[in-house]
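The following exercises concern a single protein chain. Please examine the sequence and the model before reading the solutions.

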Amino acid sequence: MKLEIKQPWITSGYTIFANEGPKGLKIEVLARVVAKNKSSFYHHFADVTIFTEELLQYHLVQSKIIAQKIAQCKSINPDLIEVLLEVKTDILFNRQLRIHRDIPSFQNCFIEANRPVEAAFLDIWAEALGLKTNPALAKMILNLTIENFYLQITEKNLNATWLINYLNEIRAMVLALDPKS
């Protein structure tokens, strides 16, 4: 029962954090979004620090769900693209963790959240890049791509066209490095 009462706070805070980062987590704004008073927030979370920790735990749960969805994908396009668009808020949340990695709990959550997703993603990624026989190289390229990905994405450009073009750029880069791929 308590989780059901807290859930609107968590999902609203998760979206705000995804779009604005930690600076967007203002109790007054959250209270307005969930149509509750500020005392309700304090009753459930005590302060923004505790609330943020709950958001990080929620994100770790989400990352495991996302990894399960990715593991079921047969192809990058359309399967994986559809999953990525479905979890857009989660990706933007992860981006904020990456941007604010100077905060140890954000850095730790970013690393921990990426583990299951990367594990689920690696096979389909290697195949899409023609690197099925070289998973170590596929993983290195994936790690570089993730860094670049989070530098480029925004709420507006995170769409199917952008994702497909981005993947095509990565494929072209791999082909230029190794014409046999």
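Four exercises follow, each with a worked solution.

The model is predicted, so local features need pLDDT of at least 70 and side-chain atom pairs count only at pLDDT 80 or more, whereas totals for chains, interfaces and linings use all residues. Residues are numbered from 1 along each chain as its sequence is written, and side-chain values use heavy atoms, with hydrogens and water left out.

**Exercise 1.** Determine how many helices and strands the chain has.

Solution. Step one is to assign the elements: helices (H or I, at least four residues) and strands (E, at least two) are DSSP runs, numbered from the N terminus. Step two is to count them, which gives nine helices and zero strands. Step three is to write the order from the N terminus: α-α-α-α-α-α-α-α-α. The C-alpha atoms of the chain occupy a box of roughly 65 × 30 × 30 Å along the principal axes.

**Exercise 2.** Identify the residues with the most contacts inside the largest nonpolar core.

Solution. A nonpolar core is a set of buried Ala, Val, Leu, Ile, Met, Phe, Trp, Tyr and Cys residues joined through side-chain atoms within 4.5 Å. The largest such core has 59 residues, and Phe51, Trp125 and Phe149 have the most contacts inside it. Helix H7 (residues 104-128) gives the most to this core, with 12 residues. Next, take Phe51 and leave out residues up to four places away in sequence: Phe51 touches Trp9, Ile10, Gly13, Leu25, Leu30, Phe41 and Phe45 (contact means heavy atoms within 4.5 Å).

**Exercise 3.** Establish whether alanine 176 is buried or exposed.

Solution. First, locate alanine 176, which lies in helix H9 (residues 160-177). Second, apply the cut-offs: buried means under 20% relative accessible area, exposed over 50%, and partly exposed in between (1.4 Å probe, protein chains only). Alanine 176 is therefore exposed, because its relative accessible area is 65%. Third, relate alanine 176 to phenylalanine 51: the two are 125 residues apart along the chain, and their C-alpha atoms are separated by 47 Å.

**Exercise 4.** Analyse the span of helix H6 and its burial.

Solution. The expected span of a helix is 1.5 Å times one less than its number of residues. Helix H6 (residues 88-99) has 12 residues and reaches 16 Å from its first C-alpha to its last, close to the expected 16 Å. Nine of the 12 residues of H6 are buried, so that the helix is mostly covered; among them are Asp90, Phe93, Arg95 and Leu97. In the chain as a whole, 44% of the 181 residues count as buried.
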